Structures are given as structure tokens and as C-alpha cells.
Amino acid sequence: MDRTNTYIKKIEKDHARFREIIRGQIRKDLRKYISNGEMIGRQGKYTVSIPLPQLRLPTFRYGSNDRSGVGQGPGDVGTPIAPGDQDGHGGPGGDQPGQHILEVDLTIAELAQILGEELSLPLIKPKDRSSILIDHEKYTGIARVGPESLRHFKRTYREALKRAVATGTYDPTNPVIIPVREDKRYRSWKVKEMPQNAAVIIYMMDVSGSMGDEQKEIVRTEAFWIDTWLRSQYKKLETRYIVHDAAAKEVDRETFYHLKESGGTKISTAYQLCSELIRKDYNPMEWNIYPFHFSDGDNWGSEDTKRCMEILSDDLFPRVNVFCYGQVKSAYGSGQFKKDLDDRFPKNEQLLTSEIRDKDSIPDSIKDFLGTGK
Amino acid sequence: MSQPAKHRETQKKVLSQADQLRRAQDEILKYAHAYGLQPFRTVFELVSHDEMNEIASYGGFPTRYPHWRFGMEYEELQKGYSWGLQKIYELVINNDPCYAYLMKSNMMVDQKMVIAHVYGHSDFFRNNMWFSQTNRRMIDEIANHGTRLRRHVERYGQENVEGFLDAALSLESLIDYHSVYSPHRRRARYEFAEEHEASGVHKLKAQKGYMDRFINPPEFLDAQRKKIEEQFQKKKRFPEEPTKDILEFLIEYAPLDNWQRDILSIVREEAYYFAPQALTKIMNEGWATYWHAKIMTEKALKEGEVIDFADHHSATLGMRPGAINPYKLGVELWRSIEERWDKGQFGREYDECDDLSAKRAWDKKLGQGREKIFEVRRIYNDITFIDDFLTKDFCIQHKLFVYKHNSQSNRYEIADRDFEAVKRSLLFRLTNMGHPVIVIQDGNFRNRAELLLKHRHEGVDLEVAEARDTLRNMHRVWQRPVNLETVVDDQPRLLSYDGDKFKEEDLTSSGA
């Protein structure tokens, strides 16, 4: 046992050292050799990548006019076997060492698990509202009748075998078992009452002139991951979308990401609409409510900002789990709003704010929002 | 009270698993011996997946020196394992006794397959001549390296030692791979011959003065003089012959502190130790696969295990489209050799036979297959293995092809199915382990103690940006300007780094 323990400590030291280098805390001279390797997972028709940072020391090696090798399989000359890549490294692998691309299918649940582990997100503790119960079906039982699609093959076989042995028709040299109707066994379900766990995310986004495509892309990516994580935590998740410039309106998902308006910004309009939505559709006794607001931090004026604060403290905070504000950096935004929020509610645990400088800081920002486990 | 009871129960279970494994090990060893395998005594250790990943990260040696790249390896293995993307089945160390690791969570049938596979490797380590010069007490040696390195870290500081180690690892592949068998590289190399006088041509004695011209013709004397002069010049060259063992040259001649020299020698020794495994990858994996399949299917497999065995066995031999799997290529080549020597499908008579159907039905019932594969496992490496036994028929039967990158469509495409082309490409990739051949041409270049490296260009350019960074590391060791002669886009070039700036010279104009 002793030796096992020293093993673990040893590699963890090396691993910690590697992580420190990757994070740029030490050995800055190695920075240029860090590459963002990945393991590729597939989620439906999308591929997702599991980051796998690599640090490769330089060596004398063949350059890019050596992009050939030997493979095996069918196909005529000219048959494509693998796509090329962006920067001209790598290849279809096989006889070339150091290939790190792996493809797997992942479900949303696994994705969420990976996300959770990567960012060490705590599990969410829903508000205590076990009063709402819903019926839930669980396939735990076995029945003698049922649809063929639920036939339990192993149990059926066992019954048939038992019958054959008992009736003496079993022949060890020719062990053919043919189940008859009485042998068949089917999976059956039981209905259980379980407490309802429902959540709603209300996304709000500033679509005024200063939010460019790059900023929207950041919001989209971040929203996807937030969705993924909350979906893994709640049985039932709804999403609503609000856009605003000087006025706010509710839109569908498609519009939310692609709409481009111009003009001024009145954040209070969005908060007002959000608060109305909640009042109309989401009883805080039944729902875990997560409003997310993304903007570049510009607001029409201090008058409107003051109005926002009022809505937050009077209408929203009493109803929501947390209120999240993400400030995406843009060339035109002043970034004032986050400051105002932080100044106004310095110790409020229901308000989470985060600044998203660029694409690379998305993971940090997700952690800001979801790292509290609320 | 229930806690300790439970604990005892699990312990009992582990014990019985160990017992089962011990029984399987004895049984399989008996079969291996009966087939003529002569493995080292092999010690199996049962480890959890986490321990397995850790040991694998260290290249099989848990006591290896500390370095971040093992941590990087570990992260990849851990992630791959926890998301179910990959899993290490076998890990075996070339050492006497041989060490192998079994994963606790594997099914019994997997364990048996791995044990049989390991005995294949162990036999190969012991009997293939390319391994004959490797240190069979490497486990001790590696632990030694670890201790030495840790001591350097304590004395000279982490950043300092790690930085130098990184530079050394960046030069790790600069050894003479194909000399691993040669005992030459261990020879003490301090033989100082006396220097010749340029005029000291030995003349035959002529009795009569007028005969001298005929006994010692002037042309002959001139030629002799020239030869001596040449030898003398050669002695003045440094190194005398261009050397591929660049690490050795640096250890001996670079102006280093002893701890730095020690780090270089650690890196070099481990590179030479691991080299034969890379030199015989196809053969070695093929050999182990051949034997695990044979032992399992003919002897060790229980009826209930057939399906799982077939499943896992085929997974090891699985191919992604367009990639070579060394296990698969290796085992098929071994089987092809066995069949050909069983049937006598070799030699002049067979080669010159034009009748395809006669060739296909060719069977002289020689039965020399088994004997032949044991001979091949003794004296071949991957290059000679492919060169001698990859036949045209094999190439067609196994659908081998050469692929190339098509820059227009930005994808890899099948470029050629011609046998010669396939073989050439495979051999190119195996030569010098797929690394460009770089030698030290001159250790006193420009008579200023600069280092001149030469890339023996064989049609493929170096990755220039990386070559520069490697030169920077080389400079860190040599501490004087370093130069690399290579070819870039068909133009001979000299890349230089003087510790401050990079320079690139076109050698066509200077006529060098």
C-alpha cells in the first residue's frame, strides 16, 4: 500500500507542474510550444472537443512537404481517406506518432459531466420545493404479458431453458431452445411519484449597434454551455429569450442570436419584461429561475441604470435563484454597467457578474456563473 | 461493525483473483514453452486503472525522473480513460526479470489474453538481437536516473535543471538509431594515434642509386604522400567522421558542468534503451499478437470465453480506414512467412514461376514455417522485415496503399497502389525511425569552435521554424554559434544561431 501512495504523489507532482506551465504561471519560455490539442466527441451532428493541451518540445522533424504515408483498405486512386487540417500538421495517423485526435459519441449528459469536471462545478442545490410531485415511470418489474419491443431476452431464454430441462426435451448435443408463449417475459414499469425539479433560463441580450457578431458568438457559445449544464441538473428546463435596445421584446431562439438592431440601449426595458414573464408564467414556488443578461455594459444613462437597480431589488431578487450578468467586451462599450451593479449590490449573493474579454475567457465566465452551485 | 467485515470480504475477493491469475499464468507459460518460446521470468503486477495510467505515463517505469511531460501524458491517459475513449490493456517492460502490469478491472479472459501477449513480448525482448545490447537491469538504472536528477534539482534549482532537461529532451532523437546493436557505441574511444609527418613516405631500399627510380617510382611516392596527407587532414577534422550520435559528441566535447553532462547522458541512455522497441514495433507487436492468438485459440480459451476473446482480439486488430495498425500488419506478415515456408513458396524456382494458378497451389510440404519465424524473430528488425517479407501478393491481398495530401481539396487521398511505392514509403518512414538524418559535420567550423550540423536531405525538407528552435536548444548546450546545413525548397541553405540572432544563408551563391 505504501508504494501505491508514493506512486500517486509522484505523478501528481509532475501533473501539477504541467498544469502550471500550461496556465502560464511558470516557465514562460515554453509558452510558444503549447498547442491546444483536443479529443473529439460528437453530439448528434455537432462535434465537440474536449480540450487536451499539449506541450511539445521542438525537434528536427520533417516539414509539411511530407504529407504522405501508407494506409490499408479499399478504394481507388483518388479516394479521399481523411480530411486535411487547418494549419498543415498531422495526418490520418497510423504510422505517424503523436496523433491525439480521437472521435467518440457523447450524449448531452456526458458533455455536461465533462464540463462539470473541467471547471469543477458544484452540483446545483435546487430551492427546496418538494411540494410539487409528478408521475414518473420506471422500468423495474417483469411481467408475463407485454409488447414484443419490451421482451426481456435473458429472462425469456431462462424460462424456456427451464421448461426444456424439466420436460426432458433438452438435448446437450444440440442445445436448441425455442421459447413458447408461456416462456416469454417482458419488462414492465411502475409509476412513482417524484418531486418536480423544473428550471427556466431567461436569456436577455443587448442587440444595440455596439454588439457585433463576435460578441454574439461569445454569447451563443456561453449560452450553449450554460444550457448543457443546467439541463444536466434539472429534469425539466425551459428557455426564454429577450432582446432589447431602447425597447425590449421576447423572441424565439433563432432570432435571439441573429437579430441585429441599432440604436440606443435601455436595459431596464429588458428587466421589466423579464419580471413580467416570471410573474405570468413561472411561479417561484414551482420553478428555479435563472435570468442571464449579456450586454457590452453601455446603458442610456444613469436614470435608466437606477431604474434597473430598482427592478432587480424589488421584483427579481425575491423570485430568482440567481441573477447573472455577463459583460462582453466590445470596441464601443464602456463597461460601466457591471461596475454600477457591483457598486450597488456589493454583498448580494443572488447577483453574479462576470466579464468576458474574449472567446478564451468563456470557461472562466461560466465558472463565475455556475461555480456557486445555486 | 459492518465496515471491517466488508473490508475483509473485498480483500478475500482480490486474493482469489490473484490466485486465479497465478494459475492462468502458470498454465499459459507451460503452453508458451511447449511452442518453443523462451521468455524471461516474468513478474505480473495487478494494478488499478489509475496506477496503470501513472505507470504508463512514465513509459513503464514508476521510478522515472520527474518531468512535466509525464504529467502531460498522464492527463491525456486519465481523460481518455474517464470518458471511455481509450484504455491500456498491456504494459510490459524489457528487463530481466520482465515486468508486466495487469489491470484489476479487466475480465479474466482479457487477463489471459494479455498474459499470453506479454509472454510473446518477453520472448522477443530476450531473443531478438536488436535488444541484445539493452540494459536488462533497466529498472534499477532508471531509478538511479531519478535519484540523480532529483539531486541536481535540489542543488541547482528546479527552473535551472528543468530548463536544461527540456533542451536535452528536445535533442533526444539525435542518436544513431541503427547502431543500437553495435557494441561500438560502448567502446572507450580515446585512442590517440601518433601524428605522421607529411614527408614520411616509406621508401624501399635500392641497392644501386640508379635503380631507385624504378623501385620507388615517383608517381607511387606522390600517391603515398598524398594518402598520408589525407589521413593527416582527416585526423585534424573534428570529429574525424561525421557522426550521427550527436548526444554523445555533446557530452564529450560541449563545455558543460558535470550535472549538465549527467542529464545529457541520462537522456541519451534512455533513448538508446527505448530505441530497439521502436525499431521493431511492427515485428514485436505482431509476434506477441501471433502468440496470444495461437495460445488462446489452441489451448487456453474456455468455451464461455470465446465471444469476449474474439471481440477484444478483433478490437486490437481493428483498423481505421487509411491507417496502418502495427499489430495487424505485423501478425499478418508473420502468418504469411509461416505459410510460405511451410509450403515452400520462396526461392528462385517459385519466383520464376509464371503460372499464377500453379503459384497459388504451390505446396512442397516443407513444413519449415515455425522454424523460419523463430529465425526471423532472432535477427530481423522492422526495416529488414518489411524489405524481405512484404511481397507484392501480400500488398495486394491486404489492400495497402500510399496516401498523399491533396492541397487543392485539403484532404488525404489514396495516391498509389503500386507495390514498389508502398514499400518505399513504408521503408522511408522506418528509416532512422522517421526522423530526418542529422550529423555533426564539424565541431570546429570556421575555425571558431562553431558547430556545423548537416541534414542529409532525402527529398523532404525540415520544418524550418522548429529546426530554429531546436538550434536554440543546441546552442544552450554547445554555447558557441551553431549552424545547420539543409535544403529548403531545393536550395541549399545554412541556418545559424549565435545565441542572439538567427541567420539564413543561401549556399548556392557562396559555392559552398
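Reader: Let's start small: which residue in S3(B) is the bridge partner of Thr42(B)?

Author: That would be Cys98(B). Keep in mind that we're looking at a predicted model. The general idea is that strands of a sheet pair through backbone hydrogen bonds, either parallel or antiparallel. Here, S1(B) and strand S3 (residues 98-103) of chain B run parallel, joined by six bridges.

Reader: OK, and what is the strand order of the sheet in chain B?

Author: Read across the sheet, the order is S1-S3-S2 in chain B, and this open sheet of three strands has mixed pairing. Strand S1 (42-47) and strand S2 (91-93) of chain B are the edges, each pairing on one side only. From one strand to the next, the twist averages 20°.

Reader: Which helix lies across those strands?

Author: Helix H2 (residues 49-57) of chain B does, lying across S1, S2 and S3 of chain B at about 140° to S3(B).

Reader: Moving on to chain A, how many helices and strands should I look for?

Author: Chain A has nine helices and 13 strands. Of its 374 residues, 29% are buried. Let's pick out the open sheet of six strands, ordered S10-S9-S8-S11-S12-S13 in chain A, again with mixed pairing. Its edge strands are S10 and strand S13 (351-356) of chain A. Ignoring direction, neighbouring strands in this sheet are turned by 20° against each other on average.

Reader: Do S8(A) and S9(A) pair in the parallel or the antiparallel sense?

Author: Parallel: strand S8 (residues 198-206) and strand S9 (residues 236-244) of chain A share nine bridges. To get the register, find Val200(A) opposite Glu238(A), then Asp206(A) opposite His244(A). Between S8(A) and S9(A), the chain passes through helix H4 (residues 213-233) of chain A, making a right-handed β-α-β crossover.

Reader: And through how many residues does the hairpin join S9(A) to S10(A)?

Author: Through three residues. S9(A) and strand S10 (residues 248-251) of chain A are antiparallel, with four bridges, and Tyr241(A) faces Val251(A) across that pair.

Reader: What does H4(A) lie across?

Author: H4(A) lies across S8, S9, strand S11 (287-295), strand S12 (323-328) and S13 of chain A, running at about 175° to S8(A). Helix H8 (residues 336-344) of chain A packs on the sheet too, touching S11, S12 and S13 of chain A, with its direction at about 155° to that of S13(A).

Key:
Residues numbered from 1 in each chain as written. Chains lettered and ligands numbered in written order. Predicted model: local features only at pLDDT ≥ 70, side-chain atom pairs only at ≥ 80, totals over all residues. Pairing = 2+ DSSP bridges. Helix = DSSP H or I, 4+ residues; strand = E, 2+ residues; numbered from the N terminus. Axes fitted to C-alpha atoms, helices over the stretch in contact; angles between N-to-C directions. Contact = placed C-beta atoms within 7 Å. Buried ≥ 20, exposed ≤ 12 C-beta atoms within 10 Å, placed from the backbone. Right-handed = clockwise from strand over helix to strand, strands pointing away.
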